[in-house]
Amino acid sequence: MSGAPAASVFPDKIAKGGRYALLLVALANAMSLLDRQILAILAPAIKKDLAIGDAEMGLLYGTVFALFYALFSLPVGRLADGWLRTRLLAISIFVWSLATGLGALASTFALLALSRLGVGIGEAATQPAGTSLVYDFWPRQRRGFVMAVLASAIALGLGGSLVLGGVAAHAWDARYAGGAAPFGLKGWQFAFAVAALPGLVLSAFLWRLPEPRRGLMDGVETPPDPHPFRASGAVLGSVLPGLNWLSLRRQGASAASFAFNLGALGLIVVAAVGLAHFGKLLSPRPPLVLGGVTIDAHALQWLVIGFGVYVLVNLLQGLKISDKQAWRVIAGAPTVPLCMAVGTLQSALNYGMMAFNPSFLIRTYGLTMQQTALGFGLLSAGMGIVGPLIWGPLSDRLQRRFPGAGRAWVALFAMGLSPILSFWVYFAPDPMSFYMRFALYSMVLTGWMPPLYAILYDQVLPRLRGITASLYLLAMTILGMGIGPYAVGFISDLTGDLRTGMLSINVVAAPIVVLMLVIVRRASRDEMTLAARAAG
């Protein structure tokens, strides 16, 4: 079986239970961002209690989370392509909710890092399994709307994390201002405990959700994988340093493949050491203690990023050898890698901004944590919900009017204009002006995700959506989320100005615009060659 759809009519109706499934997956996305983003509103209190700086907060928010989120997205992405996605999502939510609750016990940087590590592992299944699941309920022509709903849910989780975290922490600290708080918990620790509860409930509903017929909506119904866990373990073994060499040997890789792998490893190590040394020279940081080991913050940052980049190299090399059809589909035309590159760059910008927005408001305008949580949290949630629900259906409409380019033009508009608006927003003279300007900025910015993701997933076969999502998540998380917040925190510590650090990340907008212009020209042509690439 080539896996490519025949010249048949795709189903045009939503499968039974599709709306309920979309609701549950959307809530999973919301919970994912809630537990991930809550760190941003709690950052000032955490920095004070743990005596750390912006760069270290960037490490917690981005780098530590990113490594394990990205690494485990690979085996769970493969598992999502062969096992019950409903059960996989339920287990994942349960795990990351427990890890979020561990943050309530954190009294050191190391324990809080362990909590974020666990959240990263648990959340790794959200996008691969969730996207694959809802695509088997919804027809192709409605998927811009589907991605808009998921993007809105992400915004709900983002804004909700600020409201819940800020209000819960403030209420706890106010209640026990005189001391003697139960278990000695600070407000920010209590907020982690509260944030863990909704996910535990949601996991039970997902466990009971029926699994749809895979590929039916794309005219390529796919039989169950007889050994999904074996395949998932093989993916993990193929990317872990050391084990990847055994995997290459089992697959009969040539001497040239081994030489390429070792050469890539050497270049990554040299680059990581050089960047860590450069960071230490520019902005020395107090050493961190992790498990009794003392390590420099910059060294930890680039050690993690280097590890992630090497995992990405291993994944691509293993995919090329072990699944030639997947390699042809994903790498055989430029649109898929270009979409991944654009999403990675945009994520560096978005996560760099999101990690420090609450801190910026508190420092710049003298707002309290509670004021910031309610004002900014509600605004960002509202605009993040409304924006995608406008842009997603609009991109579907434009795609029908201008096949291949309609969605791409929407994404290009959003990602090209929003960086320009950000300078107007972050130089607002007062909080009310900031909120009014941010509303317009957010409305424009939210237009990028639904169309770009719809373009990406329409370029691959149904059986490859999980691994495509995992490959994208690995690149986006390591190079986007892993570098964006750290870069903003690094420049903030270096210059003493958080605004400068945040606006500097807009430099990535220039290559984004160039790459999107290529996607505008190539997307339709590459989608038409999908069947030929799949058949080889």
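## A loop residue to start with

Let's begin at Ile483, which sits in the loop between α19 (465–481) and α20 (484–495). Keep in mind that this is a predicted model. With a relative accessible area of 23%, Ile483 counts as partly exposed, because buried would mean under 20% and exposed over 50%.

Who are its contacts? Leaving aside residues up to four places away in sequence, Ile483 touches Gln301, Trp302, Ile305 and Ile478. Take Gln301: 182 residues separate it from Ile483 along the sequence, yet their C-alpha atoms are 8.4 Å apart in space.

## The whole chain

Now zoom out. The chain's secondary structure adds up to 23 helices and 2 strands. Its radius of gyration is 22 Å, close to the 24 Å that the globule rule gives for 536 residues, so the chain is as compact as a globular protein of that length. Along the principal axes, its C-alpha atoms fill a box of roughly 70 × 50 × 45 Å.

Contacts that span the sequence show up here too: of those between residues at least 6 apart in sequence, 83% join residues at least 24 apart. Buried residues make up 59% of the 536 in the chain. As for the outside, the accessible surface comes to about 20400 Å², and 71% of that belongs to carbon and sulfur atoms. The chain has 39 positive and 22 negative charges, and the mean positions of the two sets are 5 Å apart.

## Inside the core

The largest nonpolar core has 162 residues. Those with the most contacts inside it are Leu42, Ile46, Phe434, Met516 and Ile519. Helix α1 (residues 18–50) provides the largest share of this core, with 17 residues.

Ile46 is a handy one to click on. Not counting residues up to four places away in sequence, Ile46 touches Leu39, Ala51, Ile52, Met57, Leu112, Trp188 and Phe192.

For a whole helix tucked away, try α5 (residues 126–135): 10 of its 10 residues are buried. Among them are Pro128, Gly130, Ser132 and Tyr135.

## Loops, covered and uncovered

Back to the loops, where Thr446 lies between α17 (431–445) and α18 (449–458). Is Thr446 buried or exposed? It is buried, because its relative accessible area is 15%, and the cut-off for buried is under 20%. Its contacts, again leaving out residues up to four places away in sequence, are Met383, Gly384, Gly387, Pro388 and Trp391.

Pro429 is in the loop between α16 (406–426) and α17. At 61% relative accessibility, Pro429 counts as exposed. Not counting residues up to four places away in sequence, Pro429 touches Tyr365 and Arg437. Pro429 and Ala45 are 384 residues apart in sequence, with 25 Å between their C-alpha atoms.

## An unusual backbone angle

Last stop: Phe183, in the loop between α6 (143–175) and α7 (187–207). What is its phi? Phe183 has a positive phi of about 60°, although it is not a glycine. Most residues other than glycine have a negative phi. Phe183 is also exposed, with a relative accessible area of 84%.

Note on methods: Residues numbered from 1 in each chain as written. Predicted model: local features only at pLDDT ≥ 70, side-chain atom pairs only at ≥ 80, totals over all residues. Heavy atoms only, no water. Helix = DSSP H or I, 4+ residues; strand = E, 2+ residues; numbered from the N terminus. Buried < 20%, exposed > 50% of the residue type's maximum accessible area, 1.4 Å probe, protein only. Rg over C-alpha atoms; globule rule 2.2 N^0.38 Å. Contact = heavy atoms within 4.5 Å. Areas by Shrake-Rupley, 256 points an atom, 1.4 Å probe, with all protein chains shown as cover. Lys, Arg positive; Asp, Glu negative; His and termini not counted. Charge placed at Lys NZ, Arg CZ, Asp CG, Glu CD. Core = buried A, V, L, I, M, F, W, Y, C linked by side-chain atoms within 4.5 Å.
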